Each structure stands twice: as structure tokens, then as C-alpha cells.
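Me: I would like a close look at one part of this model, set against the background of the whole chain. Please keep the answer connected, so that each residue is placed before its contacts are described.

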Amino acid sequence: MFLLDELYKENQNYPKSGTMIEKFIFYRRNNDDIDVDVCKYNMENYLITNPCICKDAKIVEQPSHNKSKKKYQISDGKHIFRGETLINCMQVLLQIVNLDDEDTRIVSGDYDEILNGINNSSIFAGNERMRELLNSFIEECYSEGNFFAIPFIHGYSLNNAKGRLKQKGFQESMVDSADTYFKVCFNYFTNGIVGCQLIKYIDGYYDVWKNRYTKNWPQFVDDNLFQDYVNEKYIPIQMWKMNTGDITKDLEDYLENAISFLAKRRERIEKSKS
């Protein structure tokens with residue numbers, strides 16, 4: 001299911017017949033009550049599919065200063081779980097636009113520039129295959145396969161830890177770097193400032209999560225249905241290599257890999273719910 005269509009089905013301004021990127025830009029531009037990774041639909045998925053969440057836990061609204069925002073969380077009275085996004089669609093679109101035109105540096109809030117940049121990109125001009133891939137990528141980024149449950153404690157989430165990985169050479173949407181991100185979180189890499197910070201942070205998590213996953217990357221992969229993100233030895237697949245010298249070819253390979261991973265994970269989620 002493309003979640004933006006479902007979440008905005010009552011919004012008369014939502015471009016129901018628009019392209020995927022137009023729908024995405026509408027979502028990002030509107031400061032409304034929609035937050036996909038913690039929407040009620042995804043919370044219901046987390047409750048069913050995540051083995052760390054007690055099955056008698058309840059979906060409740062998050063306490064919020066902005067009462068118009070309907071954000072949810074899962075609580076069993078002691079533990080709280082919220083949601084995390086696997087592949088940041090905005091970061092990928094920014095990289096596409098900025099790679100295509102090295103003279104520009106568009107940032108995440110420049111929605112008109114991003115839309116124009118994609119529509120006028122030499123990568124997509126006259127290339128129907130690439131446009132189809134981009135549409136499929138955005139569709140999968142806002143389907144069930146791109147979201148998973150994480151613990152929430154003392155006002156922190158895994159996003160706080162992820163922010164500490166904003167070091168030179170790291171880009172969130174490059175999944176070869178997510179290899180480092182995940183492995184550091186689960187005690188694979190413990191050297192250096194980044195590793196020490198994250199290991200210290202992860203020690204603050206609930207025992208139900210930490211004890212299950214510390215030094216147990218395969219268990220984390222299996223529990224969260226990430227099997228298509230790794231090879232048979234549980235080594236993450238490098239989706240974005242950017243090493244052929246041909247930006248269009250590199251991007252095509254990345255989009256194909258990312259779409260495949262998210263679609264297969266979505267299918268795993270649907271199967272686990274049946």
C-alpha cells in the first residue's frame with residue numbers, strides 16, 4: 001500500500017492523480033498531522049510483526065505540544081516503541097539533483113527546487129525507464145517495507161544516535177554506510193569516537209532489546225525482516241556504489257536494489273500478518 005494515498009484520502013488538496021514525486025513533495029511541504037513512521041497504520045504493523053513488543057501492548061497517541069499532529073506510539077505501561085525510516089527518500093532525491101548539477105547545492109527545504117531539479121534532470125530527460133524507477137522508489141519508500149519499530153526512552157530514539165554519525169563521507173541514504181550505522185549500534189565496531197558514543201547510547205536501551213541484539217546482528221535482521229538487505233553471511237548489500245563513472249547507471253543500479261529490498265520486505269510483512 002502507498003501510505004500517502006491512504007493517509008491523505010480525505011484531503012481535497014492532495015494530488016491524487018499526480019506523480020509520485022508530486023505526492024511526496026505535497027507531504028513534505030505540508031506541516032499537517034501526517035508523520036508516516038509513527039502513523040496508526042504502521043503502529044498496527046509494528047504491534048503484529050515485532051517480537052520485542054508485548055502482544056497486549058496498546059497503540060496510544062504521543063504526548064505532543066502540537067495537538068493537531070496525530071503521532072502514535074506503542075506502550076505496555078512500561079516500554080514505549082515508536083517508528084524509524086530505513087531509507088530517507090528526501091536524502092536520495094537531494095543527492096540525485098545535486099549530483100546532476102554540481103553547480104547547485106539544494107537543501108531539504110527547497111521543495112520547488114527539488115521538484116524542478118528532478119523534472120529537468122538530464123538523468124531523467126527522455127529516459128522513461130529511469131522515471132519509472134524513480135516513481136517505484138518513492139512508492140516503496142512510503143509503503144510498509146520502509147519502516148520498523150524501535151524503542152523510545154527518556155526522550156531519545158535511534159535518530160539521536162544516527163545524528164552522531166554525521167561525519168565526513170557519511171550520507172544516511174547510502175546503504176553501504178548504513179552497514180556501519182547498524183553494526184556500530186549492535187557492538188560490531190567499538191573503536192573511535194563514533195563507535196564509543198553509539199555504544200554508550202545503546203546501553204541506555206531496554207534490556208528486552210539490548211540483550212536480544214547486542215552482538216547478534218543476524219537476530220536483528222531476522223526479527224525485523226531485513227533478510228533481503230543482507231547476503232547469506234548476513235553482510236549488508238552495498239546498494240549505492242557510485243563507482244562506474246556513469247551517474248545514470250550508478251543511480252539505476254541503486255534504485256533497482258533499493259526497490260527490490262523494500263518490496264520484498266513489504267511482502268514479508270504482509271505474509272507475517274496473515
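To begin with, how many helices and strands does the secondary structure of the protein come to? After that, please look closely at Ile138, including which residues Ile138 touches.

Reply: The model is a predicted one, and its secondary structure comes to 12 helices together with 4 strands. Of the 274 residues in the protein, 48% are buried, while the accessible surface amounts to about 13,600 Å², with 46% of that area belonging to carbon and sulfur atoms. When contacts between residues at least 6 apart in sequence are considered, 63% of them join residues at least 24 apart.

Against that background, Ile138 is found in helix α6, which spans residues 128-141. Its relative accessible area is 0%, and because buried means under 20%, Ile138 counts as buried. The largest nonpolar core holds 63 residues, and Ile138 is among the members that touch the most other members, a group that also includes Ile87, Leu93, Ile96, Phe137 and Tyr142. Leaving aside residues up to four places away in sequence, Ile138 touches Phe2, Met20, Ile21, Phe24 and Cys89. As for the spacing of the backbone, the C-alpha atoms of Ile138 and Asn88 are separated by 10.0 Å, although these two residues lie 50 apart along the chain.

Two loop residues can be set beside this helical one. Ile34 has its place in the loop between α2 (20-29) and α3 (40-49), and at 14% relative accessibility Ile34 also falls in the buried class. With residues up to four places away in sequence again left out, the contacts of Ile34 are with Leu7, Tyr8 and Tyr27. The C-alpha atom of Ile34 is separated by 6.8 Å from that of Lys70, a residue 36 positions away along the chain.

The second loop residue is Leu225, which lies between α11 (217-223) and α12 (247-273). Here the backbone deserves attention, since the phi angle of Leu225 is near 60 degrees, a positive value in a residue other than glycine. Leu225 has a relative accessible area of 15% and is therefore buried, the cut-off for that class being under 20%.

Taken together, Ile138 in helix α6 has a relative accessible area of 0%, whereas the loop residues Ile34 and Leu225 are buried at 14% and 15%, respectively.

Methods:
Residues are numbered from 1 along each chain as its sequence is written. This is a predicted model: local features need pLDDT of at least 70, side-chain atom pairs count only at pLDDT 80 or more; totals for chains, interfaces and linings use all residues. Side-chain values use heavy atoms; hydrogens and water are left out. A nonpolar core is a set of buried Ala, Val, Leu, Ile, Met, Phe, Trp, Tyr and Cys residues joined through side-chain atoms within 4.5 Å. Buried means under 20% relative accessible area, exposed over 50%, partly exposed in between (1.4 Å probe, protein chains only). Contact means heavy atoms within 4.5 Å. Accessible areas come from the Shrake-Rupley method with a 1.4 Å probe; for residues, only the protein chains shown count as cover.
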